[in-house]
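This report describes one protein chain for a first-year student. Look at the overall fold, then at the core, and then at the backbone.

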Amino acid sequence: MKHGAGFDPPNRFEKQQRVDDWEHWEGDHEFQASRHARPIEYSVDASRTLVSRNDSPDIPFTYSLNPYRGCVHGCAYCYARPTHEYLGFKAGIEFETKIVIKPQAAMLFREFLSRPDWACECVVFSGVTDCYQPGEREFRLTRACLEVALEFGQPVSIITKNALVLRDLDLLQALNQRHLVNVNISLTTLDPELASVMEPRTSIPAARLRAIQALASAGIPVRVMTAPLIPGLNDHELPSLMKAARQAGASDARYVMLRLPLSVKPVFLEWLDREIPMKAEKVKALQRHVRGGEFNVSTFGKRMKGEGEIADQISRVYHVFYQRLGFTNLPTLSTNVFRVPGRTVQKTLF
């Protein structure tokens, strides 16, 4: 099984670190290969919370729902990798193979929406790890949460790079009839070979375009997320990505510059040296260029788009093609039909 990460960086919260010494196994290539071909392990998250609140000014939503922690997709650049360290895992191969699921997700979502203080607004599926990663075929947690959203009239926005989203087209159409859903499809490259090493267990680019087309044909608002753009690797594809998505039916488009916070940096750099050695130094230099000489900048207002001449050029290209291709903002989702099932509205006499 192919992984995006080639190793497990130390967990930054652990006081003691173990360093493996494989000197005596150096010539055993079969054993060396087995160290990196780890099976997927699922464990249960017994926490009583499902919906997270975000207050970052760079992120255009407040609430997100994440049925899974860790992600089998194995994208080398995934900004969510450091979140796995809070669980006592590592952000490399363990992020891709030790997946924590929330089997009570639908019940927890129902409880959250039933709170007296819930003032209905959009909830994003998923703000961290992909809600349609491969385990969803078996566990169906995302589908169960969509059923709850339909029951309550709760608006949701879905972010995914997996064509599995089409499995739930029936629910998405029912939600869309009440203006309660949009879908954001991540599309980082049109090159299937690059996708196979950069995002080893996601849907291929052609399948994501077919998903955009199927969703748009069903009348569901779709946005393409060309994220992340990696300077020197896939940034030149931005016009082609936007054009292909627009032709498939996407009505809106966004981009995010590559971010390398905390343990994402060593995972991505190791992957870059291993899989794209001929371009590695160029990509590293350009990444520093758009990040003020560093590999990552966490400053609000800069971390999503970068800064400097190259970042400005990417921004100009994006805006030119956004207008040229006729992209527009997605329609606002409705909050007017939200109701807690079984709850009656007490009318006052005065």
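Helices (H or I, at least four residues) and strands (E, at least two) are DSSP runs, numbered from the N terminus. By this rule the protein has 12 helices and 10 strands. The model is predicted, so local features need pLDDT of at least 70 and side-chain atom pairs count only at pLDDT 80 or more, while totals for chains, interfaces and linings use all residues. Residues are numbered from 1 along each chain as its sequence is written, and side-chain values use heavy atoms, with hydrogens and water left out.

**Overall fold**

The radius of gyration is taken over C-alpha atoms, and the globule rule is 2.2 Å times the number of residues to the power 0.38. For 350 residues, a compact globule would have a value near 20 Å; the protein has 21 Å, which agrees. Its C-alpha trace spans about 80 × 50 × 35 Å along the principal axes.

A residue is buried under 20% relative accessible area, exposed over 50%, and partly exposed in between (1.4 Å probe, protein chains only). Of the 350 residues, 51% count as buried.

**The cores**

A nonpolar core is a set of buried Ala, Val, Leu, Ile, Met, Phe, Trp, Tyr and Cys residues joined through side-chain atoms within 4.5 Å. The largest one has 64 residues, and Phe-109 and Phe-125 are among those with the most contacts inside it. Apart from it lies another core, of 23 residues, including Phe-95 and Leu-260.

Contact means heavy atoms within 4.5 Å. Leaving aside neighbours within four places in sequence, Ala-149 is in contact with Phe-109, Gln-154, Val-156 and Leu-175. Ala-149 lies in helix α5 (residues 141–152) and is buried, with a relative accessible area of 0%. The C-alpha atoms of Ala-149 and Leu-180 are separated by 8.6 Å, although the two residues are 31 apart along the chain.

**Backbone exceptions**

Most residues other than glycine have a negative phi, and most peptide bonds are trans. The table lists exceptions.

| Place | Feature | Value |
|---|---|---|
| Phe-125 to Ser-126 | cis peptide bond | omega about -10° |
| Ala-227 to Pro-228 | cis peptide bond | omega near 0° |
| Arg-140 | positive phi | about 55° |
| His-179 | positive phi | about 60° |

Ser-126 sits in the loop between β6 (123–125) and α4 (136–139), whereas Pro-228 belongs to strand β9 (residues 222–229). Arg-140 is in the loop between α4 and α5 and is partly exposed at 40% relative accessibility. His-179 lies in the loop between α6 (169–176) and β8 (181–186); with 52% relative accessible area, His-179 is exposed.
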